[in-house]
Amino acid sequence: MTLITQEIPPPPHSEDIRNTVGNVPMEWYQDYPHIGYNLDGKKIFKPIRNKDELDEFLDKMENPDYWRTVHDKMTASDIRLTDEQVDLVHRLQKGQFGDVNFNEYEPSVDFFTNEVMIHPVTNRPQDKRSFIPSLIEKEKVSKLVHAIKMGWIKPRKPKETTPQYYDLWAKEDPNAILGRHKMHVPAPKMRLPGHEESYNPPPEYLLTEEERLVWEQQDAEDRKLPFLPQKHSCLRAVPAFSRFIHERFERCLDLYLCPRQRKMRVNVNPEDLIPKLPKPKDLQPFPTTMSLVYRGHTSLVRCISASPTGQWLVSGSDDFTVRFWEVNTGRCMKTLEVGGAVKSVAWNPNPAVCLVAVCFEHTVLLLNPSLGDRLVVSSTDQLITAYEPPEEDKEQAVTWALSEGLEHNKGHRLTLTHPKAVKQVVWHGKGDYLSSVMPDNSSNLQVLIHQVSKRRTQNPFRKNKGLVQCVSFHPLRPYFFVATQRYVRVYNLIKQELTKKLMTNCKWISSMAIHPGGDNLICGSYDCRLAWFDLDLSTKPYKMLRHHKKALRGVAYHRNYPLFASGADDGSVIVCHGMVYNDLLQNPLIVPVKVLKGHQITHDLGVLDVTFHPTQPWVFSSGADTTIRLFT
């Protein structure tokens, strides 16, 4: 006869006790290889490897059941919760009952009826003690009465409902409420009344008619007395004071608004706050005195440029002329008439080429002034005539024309006719390329770069990034700077991409100059600011100088000396010492050293352009008063 045995399953909901250590902190087993004992008394060993942060993170990312996995400290294992357990947790989090089937809104069951029955629930007769006075209680009461008589027990006082007030300006004893205010300021005392408050003041305190008129015209704050002294025959005749409530209210305001704290003043010597700058005497040489005035133009002189040797100066004016001057004597060597107001002139920076670019209206003229070394003059003419046109003519934005006959004798060499009015012309340092600016916010044809030797023109920009104010070539590297109204963009000409965009924090840029070292740049603006940028440091200005009172028109760096200058509509030229160090960790030193005055302000315009002499620490400035001035 076979006996069939069947394993009895554990009852449902009974707790699964695998670890029999009981309710003890599991940290006790931290240093042991086991974590407790099972029902047979054998050790339960920890899992081989505990998870570190990385495993935990990977598990979180890859395991879809990660959110329902719980770590059991008793067995050091991970347990995946079933759907019923997850539901239970959600219910408990919401504050509901654990059992799904429990109905919390069941009708209540009356266990005892509300009707009074004849038969009591118990029929036991009442105790004798329930209607005989208790001796123990009598003894207790007599003791309490005795204690109250003797004054040992005091009856509780009724709580006072009236609000408690305390003196805000109380004396400073440590027990007072204000004792904790260490820096307490006592209330300001009112001035005691004097003779003028009397109902019958001495005659010298009464105001005359003039004084009364002056008193009435003064502001309330400026008056010595807040009332008019008056004379009465007796105290009964004195009327009520009309401003009494007003005065009391102002006194209350004084007390209420008086600061209750003493502020400790820091004694700082004001001179310690001024940055320690070197004395201008130690920063010489720089221009200090006006030496020469170049007169001859009949209208405002917009632009000037010095030859690379420093012997000649060219100027362009609104009187439709370009004049060439000898720097040392102030003598006008040549006057050329052009067909419009000259907006910009630029002498070629290459000493081996004698060319001057002049722009007016839609035209850029290249002139050979025939000044200086005859060999340089003739080689320049040869350079221009040596051009051979390419086999196939590409269409260009600008028409190039070679000047002949009478114009050639005047000095005209090449004429570049642009589609729009040209505002600025600037040369590249090598002297073969030049750039012209035609400000026009509606098109991308604003900046053109021309190559003289090959007579070709290109438009470097496809997109319009705003109204271009001025452009400049980098003195050493193939970078091109374009200043729009608020930003300066730096382009790499070889990679043909934008390298940097400088935020000038100005409303409207007027002029720009690049340091001969190439790592610093200054921008003048019409809102009286000059921004110095350190290109290695940041795209925001390193220094903002607000020395001028009116709009800046021109800025310039000196080629050899650590100087820069700015000219403005207030008729002054400010020369600053701007030392740039080779050590990259040392910031540039900027010290204003001299304000040069001399130009008269004409039609609200002062200095229109500034430029330095290429070798000497001299500065030229041109103004709206038709003159050019040399400061040395």
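## A first look around

Four glutamates, Glu209, Glu210, Glu211 and Glu216, come together to form a negative surface patch in this structure. The model is a predicted one: local features need pLDDT of at least 70 and side-chain atom pairs count only at pLDDT 80 or more, while totals for chains, interfaces and linings use all residues. Residues are numbered from 1 along each chain as its sequence is written, and side-chain values use heavy atoms, with hydrogens and water left out.

Patch members have over 30% relative accessible area and no salt bridge, with like charges joined within 9 Å and nonpolar side chains within 5 Å. Glutamate 216 belongs to helix α4, which covers residues 209–217 (helices are DSSP runs of at least four residues, strands of at least two). With a relative accessible area of 46%, glutamate 216 is partly exposed (buried is under 20%, exposed over 50%, partly exposed in between, with a 1.4 Å probe).

There is a nonpolar patch to look for as well. Leu144, Ile148, Met150, Trp152 and Ile153 make up this one, and the patch spans about 550 Å². If you want a place to start, leucine 144 sits in helix α3, residues 135–150.

Now for the charged pairs. Searching the whole structure turns up 13 salt bridges (a side-chain nitrogen of Lys or Arg within 4 Å of a carboxyl oxygen of Asp or Glu). Here are some of them:

| Salt bridge | N to O distance |
|---|---|
| Arginine 68 and aspartate 83 | 2.8 Å |
| Arginine 191 and glutamate 197 | 4.0 Å |
| Aspartate 519 and arginine 477 | 3.0 Å |

Take the salt bridge between arginine 68 and aspartate 83. Arginine 68 is in the loop between α1 (53–62) and β3 (69–72), and aspartate 83 is in helix α2 (residues 83–93), so this pair ties together parts that are 15 residues apart in sequence. The two partners sit in rather unlike surroundings: arginine 68 is buried, at a relative accessible area of 10%, whereas aspartate 83 is partly exposed, at 45%.

Next comes the salt bridge of arginine 191 and glutamate 197. Arginine 191 is exposed, with 59% relative accessible area, and glutamate 197 is partly exposed, with 37%.

The salt bridge between aspartate 519 and arginine 477 reaches further along the chain. Aspartate 519 lies in the loop between β23 and β24 (520–525), while arginine 477 lies in the loop between β19 (470–473) and β20 (479–483), so the parts they tie together are 42 residues apart in sequence. Aspartate 519 counts as partly exposed at 25%, and so does arginine 477 at 36%.

Elsewhere, Arg124, Asp127 and Arg129 join up in a network of salt bridges.

Back at β23, you'll find alanine 513 within that strand, which runs over residues 509–514. Alanine 513 is buried, with a relative accessibility of 8%. From there to tyrosine 526 is 13 residues in sequence and 15 Å in space, C-alpha to C-alpha.

Last, a note from the records. An unreviewed UniProt entry carries the annotation "repeat: WD" for residues 294–335 and 600–632, and such annotations may be inferred rather than shown by experiment. In the model, residues 294–335 are 0% helix and 55% strand, and the C-alpha atoms at the ends of that span lie 13 Å apart. Residues 600–632 are 0% helix and 45% strand, with 19 Å between the end C-alpha atoms.

How values were computed
Accessible areas come from the Shrake-Rupley method with a 1.4 Å probe; for residues, only the protein chains shown count as cover. Lys and Arg count as positive and Asp and Glu as negative; His and the chain ends are not counted. The place of a charge is taken as NZ of Lys, CZ of Arg, CG of Asp or CD of Glu.
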